[in-house]
Amino acid sequence: MNPMDSQTQNTSLQRLQNVEKRIVKVLELAGGVMDELANPSGPRKEFINNHCREFMQLIKDIQVALRDEIKSACDYRPFEKCDYSSRVANEICCKKLEYVMSQLDAMKETMDEYHNAV
């Protein structure tokens, strides 16, 4: 991996960390609205409106940022050397082999029972 790829990944991680902070802020806003709605003296309309407006803007910002990150991920392909798919395929083959072996064992038991009965 060349230094440029590393730098791109670092800035990408920083942008994703900023998205994570926005998500936390969205949850805090939602919690604030819930608290305000549960207020015994009734919710303050201005408070609810401001929080909802900020909530929606943050949601839009998060969507744009994530869309940009997905698009830019194609530029450096960090998972290019990932062996996940081959490991999964290997695991599936192992499970198939275990199943075939269990079927062969069952067939052998049936044959042994037949020979013992005769």
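# Reading a three-helix model

Mentor: Let's open with one pair: the side chain of Glu-69 makes a polar contact with the side chain of Arg-15 at 2.4 Å. A polar contact is a pair of N or O atoms within 3.5 Å; within protein, one must be able to donate a hydrogen and the other to accept it, and residues adjacent in sequence count only if both atoms are side-chain atoms. Keep in mind that this is a predicted model, where local features need pLDDT of at least 70, side-chain atom pairs count only at pLDDT 80 or more, and totals for chains, interfaces and linings use all residues. Residues are numbered from 1 along each chain as its sequence is written, and side-chain values use heavy atoms, with hydrogens and water left out.

Trainee: Which elements does the protein have, from the N terminus on?

Mentor: Helices (H or I, at least four residues) and strands (E, at least two) are DSSP runs, numbered from the N terminus. Here the order is α-α-α, with 3 helices and 0 strands. Glu-69 sits in helix H2, residues 45-76.

Trainee: Is Glu-69 buried or exposed?

Mentor: Buried means under 20% relative accessible area, exposed over 50%, and partly exposed in between (1.4 Å probe, protein chains only). Glu-69 has 9%, so it counts as buried, while Arg-15, at 37%, is partly exposed.

Trainee: What does Glu-69 form with Arg-15?

Mentor: Side chains of opposite charge can pair when their charged atoms come close. Glu-69 and Arg-15 form a salt bridge, meaning a side-chain nitrogen of Lys or Arg within 4 Å of a carboxyl oxygen of Asp or Glu. Arg-15 lies in helix H1 and Glu-69 in helix H2, so the pair ties together parts 54 residues apart in sequence.

Trainee: How many salt bridges does the structure hold?

Mentor: There are 4. Among them, Arg-44 meets Glu-36 at 2.9 Å, N to O; Glu-36 is buried at 5% relative accessibility, and Arg-44 is partly exposed at 49%. Another joins Lys-108 and Asp-112 at 3.1 Å. Those two are 4 residues apart in helix H3, so about one helical turn separates them.

Trainee: Which residues make the largest nonpolar core?

Mentor: In soluble globular proteins, nonpolar side chains tend to be buried together. A nonpolar core is a set of buried Ala, Val, Leu, Ile, Met, Phe, Trp, Tyr and Cys residues joined through side-chain atoms within 4.5 Å. The largest one here has 6 residues: Val-19, Val-26, Leu-29, Leu-58, Ile-62 and Ala-65. Helices H1 (3-37) and H2 each give two or more residues to this core.
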